[in-house]
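Biologist: Could you walk me through this one? I'm new to it and would like to start with the basics.

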Amino acid sequence: MFGKEDTTYNDMRYDSMMQWLLEVREGEDVVNRGGAKLTIEYIEHLNKKIKELEDKNALKDEFLKKMKNKLNEA
């Protein structure tokens, strides 16, 4: 019923940003290197948090479906 969302543009933006951050992290400027490293770590943290929330939401959806089925059976 629902097709998979096209994330091509966002994937390209993410890859481009990560490539730029990795290049900055390898650069000579100490402040930029530290900032790039911190930014990469923060993005990884946010991605992990997003995954946790998606899993939690899926669990809630599953629970609600079971409750709805129970109500319909009664």
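Modeller: Sure, and one term comes first: helices (H or I, at least four residues) and strands (E, at least two) are DSSP runs, numbered from the N terminus. This is a predicted model, where local features need pLDDT of at least 70, side-chain atom pairs count only at pLDDT 80 or more, and totals for chains, interfaces and linings use all residues. Residues are numbered from 1 along each chain as its sequence is written, and side-chain values use heavy atoms, with hydrogens and water left out.

Biologist: How many helices and strands are in the protein?

Modeller: One helix, α2, covers residues 30–73. Strands number zero in the protein, and the helix count is two.

Biologist: What is the radius of gyration of the protein?

Modeller: That radius is taken over C-alpha atoms, and the globule rule is 2.2 Å times the number of residues to the power 0.38. For a compact globule of 74 residues the rule gives a value near 11 Å. The C-alpha trace spans about 70 × 25 × 10 Å along its principal axes. The protein's own radius of gyration is 20 Å.

Biologist: What percentage of the residues count as buried?

Modeller: Buried means under 20% relative accessible area, exposed over 50%, and partly exposed in between (1.4 Å probe, protein chains only). Of the 74 residues, the buried share is 8%.

Biologist: How many salt bridges does a search of the whole structure find?

Modeller: Side chains of opposite charge can pair when their charged atoms come close. Here a salt bridge is a side-chain nitrogen of Lys or Arg within 4 Å of a carboxyl oxygen of Asp or Glu. Searching the whole structure on that basis gives five.

Biologist: Which residue forms a salt bridge with Lys37?

Modeller: Lys37 is partly exposed, at 44% relative accessibility. Its partner sits four residues away in helix α2, so about one helical turn separates the two. The closest N and O atoms are 3.9 Å apart, and the partner is Glu41.

Biologist: And what is the N to O distance between Lys66 and Glu62?

Modeller: These two are also four residues apart in helix α2, which means about one helical turn lies between them. Glu62 counts as partly exposed, with 42% relative accessibility. Their side chains meet in a salt bridge, N to O, at 3.5 Å.

Biologist: Is Glu26, the salt-bridge partner of Arg25, buried or exposed?

Modeller: The closest N and O atoms of Arg25 and Glu26 are 4.0 Å apart. Arg25 is partly exposed, at 32% relative accessible area. Glu26 has 61% relative accessibility, so Glu26 counts as exposed.
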